[in-house]
Amino acid sequence: FMVWKSVSTGGNNSAPGCSGLLAHCRYRYLAFLQGNTYSSRLKYMLLCGSTVFAAKQGWDEFWTRHVVPGKHVVEVKPDWSDAKNKLREIRGNQRKAREIARAGQKLALELLNDDALDCY
């Protein structure tokens with residue numbers, strides 16, 4: 001049975017086997033995986049400034065219609081069967097990887113700031 005622990009507001013998680021959101025920001029590439037229910041991690045991953053790989057999601061948030069595959073994220077097939085090739089391609093073009101990472105971070109900062117959230 002899972003032992004629940006409180007998570008700090010700083011994004012660090014002490015639950016065994018879990019990485020807090022801030023720990024993800026240490027990585028150059030991040031994979032946004034769909035779960036069985038709504039997942040809110042995409043916005044946090046974009047804010048990290050890492051290159052995010054993601055399949056098209058089955059749901060939308062008010063801001064996700066602005067996410068453009070190839071500009072803000074590296075889009076992979078829903079079954080992730082092309083992920084290895086996509087990673088190889090992006091590793092071979094670090095300039096493109098940095099452009100996608102920066103554009104994703106910029107988009108998240110613009111669309112998820114306090115004023116934008118208040119307006120929503």
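## A walk through the predicted model

Arg 91 lies in helix H3, and this side of the chain makes a handy place to begin. Everything below is read from a predicted model, so please take each value as computed from that model. Arg 91 is exposed because its relative accessible area, 53%, is over the 50% cut-off. Along the chain, Arg 91 and Tyr 29 are 62 residues apart, and their C-alpha atoms are separated by 9.5 Å. Tyr 29 will come up again further on, in the second core.

### The overall plan

Stepping back, the chain contains 5 helices and 3 strands. From start to end of the sequence, they follow the pattern α-β-α-β-β-α-α-α. The chain has 120 residues, of which 34% count as buried. If you take the contacts between residues at least 6 apart in sequence, 44% of them join residues at least 24 apart.

### The cores

The largest nonpolar core has 15 residues, and the members that touch the most others are Phe 32, Leu 42, Leu 46, Val 52, Trp 63 and Val 73. Strand E1 (29-32), helix H2 (41-48), strand E2 (51-55) and helix H4 (94-111) are the elements that give two or more residues to this core. Which of them gives the most? That is H2, with 4 residues.

A second core, separate from this one, has 9 residues, including Tyr 29, Phe 53, Ala 97 and Ile 100.

### Helix H2 and its partners

Helix H2 deserves a longer visit. Its buried residues are Leu 42, Lys 43, Met 45, Leu 46 and Cys 48. They pack against helix H1 (21-24), E1, E2 and H4. Just after H2 comes Gly 49, with a positive phi of about 85°.

Leu 42 sits in helix H2. With 7% relative accessibility, Leu 42 falls under the 20% cut-off and therefore counts as buried. Beyond its neighbours within four places in sequence, Leu 42 is in contact with Phe 32, Val 52, Trp 63 and Val 73. Leu 42 and Thr 64 are 22 residues apart in sequence, and their C-alpha atoms are 9.2 Å apart in space.

Lys 43 is also found in helix H2. Is this lysine buried or exposed? Lys 43 counts as buried, because its relative accessibility is 12%. The side chain of Lys 43 makes a polar contact with the side chain of Glu 61, at 3.0 Å. Further along the chain, Gln 105 is 62 residues from Lys 43, yet their C-alpha atoms are separated by 8.7 Å.

Trp 63 links several of these names. Not counting residues up to four places away in sequence, Trp 63 touches Leu 42, Lys 43, Leu 46, Leu 111 and Leu 112.

Here are the C-alpha separations mentioned so far, side by side.

| Residue pair | Apart in sequence | C-alpha separation |
|---|---|---|
| Arg 91 and Tyr 29 | 62 residues | 9.5 Å |
| Lys 43 and Gln 105 | 62 residues | 8.7 Å |
| Leu 42 and Thr 64 | 22 residues | 9.2 Å |

### The largest pocket and Gln 57

The largest pocket has a volume of about 280 Å³. It is lined by 14 residues, and those closest to its centre are Ala 55, Lys 56, Gln 57, Thr 64 and Val 67. By type, the lining divides into 8 nonpolar, 2 polar and 4 charged residues.

Gln 57 is one of the residues closest to the pocket centre, and its place is in the loop between E2 and E3. At 14% relative accessibility, Gln 57 is under the 20% cut-off, so it counts as buried. What lies 2.7 Å from a polar atom of the Gln 57 side chain? It is the backbone oxygen of Ala 55. Leaving aside its neighbours within four places in sequence, Gln 57 is in contact with Phe 32 and Gln 34. Phe 32 is also one of the residues that touch the most other members of the largest nonpolar core.

### A backbone detail at Trp 80

One last stop is Trp 80, in the loop between strand E3 (74-76) and helix H3 (83-91). Most residues other than glycine have a negative phi. Trp 80, a residue other than glycine, has a positive phi near 65°. Its relative accessibility is 23%, which means that Trp 80 counts as partly exposed.

Key:
Residues numbered from 1 in each chain as written. Predicted model: local features only at pLDDT ≥ 70, side-chain atom pairs only at ≥ 80, totals over all residues. Heavy atoms only, no water. Core = buried A, V, L, I, M, F, W, Y, C linked by side-chain atoms within 4.5 Å. Buried < 20%, exposed > 50% of the residue type's maximum accessible area, 1.4 Å probe, protein only. Contact = heavy atoms within 4.5 Å. 1 Å grid on protein atoms, 1.4 Å probe; cavity = no way out; pocket = protein on both sides within 12 Å on 5 of 7 lines; lining within 4 Å. Points joined across faces, edges and corners; volume = space filled by probe spheres on them. Nonpolar A, V, L, I, M, F, W, Y, C, P; charged D, E, K, R; others polar. Polar contact = N/O pair within 3.5 Å; in protein donor to acceptor, adjacent residues only side chain to side chain.
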